[in-house]
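Me: I'd like to learn how to read a fold like this one, from the whole chain down to single residues. Where do we start?

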Amino acid sequence: MSSLSNPCAINLARAKQADMTFRQTLHQLAELSNQEHQTAAFVAQKLKLCNPTALLTAIGGTGIVAIWKGEKAGKSICFRAELDALPIEEANDFAHQSLTKGVSHKCGHDGHMAILLEVAAYLKENRPTAGNVILLFQPAEEIGAGALQVLEDERFKALSIDYIFALHNLPHYPLHQVVVRKGIFATASVGICITLEGKTAHAGEPENGINPVLALSELATFLYTIHKTTPHQDFVLSTVVHARLGEKSFGVSPAKAEVCATFRSYSNEDLAQLCLHAEEKAKALALQHHLLYKISYIEKFSATQNSDMGTKAIQEVATKLGLESVEKKEPFRWSEDFGQFTQRYQGAMFGLGAGLHSAELHQADYDFPDALIKTGSDIFIGLLPHFLG
């Protein structure tokens, strides 16, 4: 168990006002993935006031875990929120705008954290009689790394979680509407970058070098259409996001090229097939054009797969709370590293409508609606009797 004696110097002088909610304070403390030190320290301070049985810091990097243990043995249920913000300059000019230039909460993680802090306040006065309630504040969701970092932490492994739940706010859905889906909730995805290297030469004598331009052209076109040519069981998509050949040097026939794409799929298996097909093509083109090649993968997200049991419980709680719930026909095309947890534990992720006129996620003028904090916490609290008896 880590010490909570001011793990970092928190600059709250400007980030704290008497009438400001936790969510708005967290919005001001926006930090990038795996750099969420002030955010984590603020969360830990607030959790400590709620008298958890145990409070763990530096889980999987900057993660925080709070545990409320019942007097009797029983199941363990975990609720998860994310700590990190995005590298986006905020366009809003409200009083709680981000204090970090070029970094802001444009995915609503500040709101997700505030929801769990409301759950913590409830648990302070309503401790479980049996079983355990675990609140996880996870780092680095935006880059697809944080869930695995947490899962590889020995202290987290020792918690023996039975069920896990999370939510995500959804702009352009009616405010407070609960969105559920059995099976795949959000897609698997990965970024692939392929570099090709030949030999430089004078632009007036290109035959003396090896220019990868033809290989780059064919490879970029291949990646652009790979989702149409690779056998698959369900939805797959490839988006070419970057391509580059040499430099703007008109006297040089370049040697280096790079192309990057994002692959998406409803299944982890189909995603693996896209990657294999891309690797085979890169190898073949490198041999054909006498090039060296290198392949790297970044921001790998597994598909988020909800259990039927978890989805049904969310629907029942929503109905009991008088909330409208809808079942989405197709998975969301965005990805969430919560899928790493649902591969190991029963549970589910659900969506919570952020309003029909909300800015989109990852837009510079987005802001999480504070009205959702009570709705989200009420749903999590309502799940407790379903699994703790």
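Reply: With a definition: the radius of gyration is taken over C-alpha atoms, and the rule for a globule is 2.2 Å times the number of residues to the power 0.38. Keep in mind that this is a predicted model.

Me: What does that rule give for the 389 residues here, and what does the protein chain have?

Reply: A compact globule with 389 residues would have a radius of gyration near 21 Å, and the protein chain has 23 Å, so the two agree. Along its principal axes, the C-alpha trace spans about 80 × 50 × 45 Å. In secondary structure, you're looking at ten helices and 16 strands.

Me: How much of the protein chain is buried?

Reply: Buried residues make up 54% of the 389. As for the surface, the chain exposes about 17400 Å², with carbon and sulfur atoms supplying 52% of it. Contacts also reach far along the sequence: of those between residues at least 6 apart, 80% join residues at least 24 apart.

Me: Okay, cores next. What's the general idea, and how many residues are in the largest nonpolar core?

Reply: In soluble globular proteins, nonpolar side chains tend to be buried together. Here the largest nonpolar core has 53 residues, and those with the most contacts inside it are Leu47, Phe79, Leu135, Phe137, Phe165 and Phe380. Helix 10 gives this core its largest share, nine residues. A second, separate core has 27 residues, including Ile194, Ala257, Phe263 and Ala303.

Me: Which residues does Leu47 touch, beyond those up to four places away in sequence?

Reply: Among them are Pro52, Leu55, Trp68, Leu117, Leu135 and Phe137.

Me: How do I read one side of a helix against the other?

Reply: An α-helix has 3.6 residues a turn, so residues three or four places apart point the same way. Try helix 7, residues 268-288: its 21 residues reach 31 Å from first C-alpha to last, close to the 30 Å expected. Its buried residues are Asp270, Leu271, Leu274, Cys275, Ala278, Ala282, Leu285 and Ala286. Seen down the axis of helix 7, they fall within an arc of 145 degrees, so they line one face. On the other side, Glu269, Leu287 and Gln288 are exposed.

Me: What do the buried residues of helix 7 pack against?

Reply: Helix 6 (213-229), plus strand 8 (188-197), strand 10 (236-245), strand 12 (256-265) and strand 13 (292-301). Just after helix 7, check His290, which takes a positive phi of about 60 degrees.

Me: And helix 8: which of its residues are buried?

Reply: Gly310, Thr311, Ala313, Ile314, Val317 and Ala318. Down the axis of helix 8 they fall within an arc of 160 degrees, so here too the buried residues line one face. The face turned away from that buried side carries the exposed Thr319 and Lys320. Among the elements covering the buried residues of helix 8 are strand 5 (163-170), strand 16 (346-353) and helix 10 (372-388). Just after helix 8, Gly322 has a positive phi of about 75 degrees.

Me: Let's finish with one residue. Is Ile115 buried or exposed?

Reply: Buried means under 20% relative accessible area. Ile115 is at 1% relative accessibility, so Ile115 counts as buried. Ile115 lies in helix 3 (residues 109-125). Setting aside neighbours within four places in sequence, Ile115 contacts Leu167, Phe368, Leu372, Ile373, Gly376, Ser377 and Phe380. The C-alpha atoms of Ile115 and Asp378 are 8.9 Å apart, with their positions 263 residues apart along the chain.

How values were computed: Residues are numbered from 1 along each chain as its sequence is written. This is a predicted model: local features need pLDDT of at least 70, side-chain atom pairs count only at pLDDT 80 or more; totals for chains, interfaces and linings use all residues. Side-chain values use heavy atoms; hydrogens and water are left out. Buried means under 20% relative accessible area, exposed over 50%, partly exposed in between (1.4 Å probe, protein chains only). Helices (H or I, at least four residues) and strands (E, at least two) are DSSP runs, numbered from the N terminus. The arc is that of the directions from the helix axis to the C-beta atoms. Contact means heavy atoms within 4.5 Å. Accessible areas come from the Shrake-Rupley method with a 1.4 Å probe; for residues, only the protein chains shown count as cover. A nonpolar core is a set of buried Ala, Val, Leu, Ile, Met, Phe, Trp, Tyr and Cys residues joined through side-chain atoms within 4.5 Å. The expected span of a helix is 1.5 Å times one less than its number of residues.
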